[in-house]
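Trainee: I'm new to this one and a bit lost. Could you pick a single part and take me through it closely, along with whatever sits around it?

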Amino acid sequence: MADCDLCGVSRPTLCPVKVKIDAYGSAFPTGNWKGLNEECLNACHEAGKARTPASGTRCALCYKKDVPLFAATINVPTFEPPNYREETVSLCEECLSACDEAFERRQKELWHSPSHEGEEHHH
Ligand SMILES: [Zn+2]
Ligand SMILES: [Zn+2]
């Protein structure tokens with residue numbers, strides 16, 4: 001099990017999203033992998049289309065500051081009815097396109113193996 005980097009939900013498999021984290025730039029020059037569950041990936045994909053300016057101060061995925069940020073609305077599970085609450089996260093342009101890429105990749109995977117969801121033997 002792994003936790004989604006946005007909403008914290010545990011899932012057997014997450015959709016990998018490649019982001020560039022400045023602080024780790026030298027150690028991971030090619031970028032850093034974050035994991036999002038399907039719901040959050042969809043939310044980020046929608047956010048990429050809507051481009052609603054967000055009020056946050058740093059990107060929720062790569063922690064970049066002082067860049068234009070866009071709002072994505074995700075559902076964070078709670079223990080009380082209706083068992084989730086909406087939360088707005090701020091994402092930078094770069095992470096939005098990374099999410100877009102991951103989203104497209106995910107769609108292709110689903111297309112190719114509709115009956116083998118969750119099976120990941122290679123990458
Ligand atoms: Zn999530
Ligand atoms: Zn970012």
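Mentor: Sure. One term before we start: helices here are DSSP runs of H or I with at least four residues, strands are runs of E with at least two, and both are numbered from the N terminus. Also keep in mind that this is a predicted model.

Let's begin with histidine 45, which sits in helix α1, residues 38-50. Histidine 45 counts as partly exposed because it has 19 C-beta neighbours inside 10 Å, and a residue needs 20 or more to be called buried. Now look across to aspartate 100: 55 residues separate it from histidine 45 in sequence, yet the two C-alpha atoms are 5.5 Å apart in space. Setting aside residues up to four places away in sequence, histidine 45 touches Cys99, Asp100 and Phe103.

Alanine 43 is in helix α1 too. It has 25 C-beta neighbours inside 10 Å, so alanine 43 counts as buried. Once residues up to four places away in sequence are left out, alanine 43 touches Ala72, Thr73 and Ile74. Valine 89 is 46 residues from alanine 43 in sequence, and their C-alpha atoms are 9.9 Å apart.

Let's step back for a moment to place these pieces. The protein chain has two helices and six strands, and reading along the sequence you get β-β-β-β-α-β-β-α. Of its 123 residues, 27% are buried. Among contacts with a separation of 6 or more, 57% are between residues 24 or more positions apart.

Now for the other helix, α2. It has 20 residues and runs 29 Å from its first C-alpha to its last, close to the 28 Å expected at 1.5 Å a residue. The buried residues in α2 are Cys95, Leu96, Ala98, Cys99, Ala102 and Phe103. They lie on the same side of α2, because the arc they cover around the axis is only 155 degrees. Turn to the other side of α2 and you'll find Glu101, Glu104, Gln107, Lys108, Trp111 and His112 exposed. What covers the buried residues of α2 includes β3, α1, β5 and β6.

That brings us to the largest nonpolar core, which has 30 residues; Leu36, Cys44, Leu91, Cys95 and Cys99 have the most contacts inside it. At least two core residues come from each of β3 (15-19), α1, β5 (69-77), β6 (84-92) and α2 (93-112). The biggest contribution is from α2, with six residues. Try clicking on leucine 91: leaving aside neighbours within four places in sequence, its contacts include Cys44, Ala47, Phe70 and Leu96.

Last stop, β3. Side chains in a regular strand alternate between the two faces of the sheet. Along β3, Cys15, Val17 and Val19 point to one face and are buried, while Pro16 and Lys18 point to the other and are not. β3 pairs with strand β4, residues 32-36, in the antiparallel sense over five bridges. Within that pairing, proline 16 has glycine 35 of β4 as its bridge partner.

Definitions and conventions
Residues numbered from 1 in each chain as written. Chains lettered and ligands numbered in written order. Predicted model: local features only at pLDDT ≥ 70, side-chain atom pairs only at ≥ 80, totals over all residues. Buried ≥ 20, exposed ≤ 12 C-beta atoms within 10 Å, placed from the backbone. Contact = placed C-beta atoms within 7 Å. Core = buried A, V, L, I, M, F, W, Y, C linked by C-beta atoms within 7 Å. Expected span 1.5 Å × (residues − 1). Arc of directions from axis to C-beta. Pairing = 2+ DSSP bridges.
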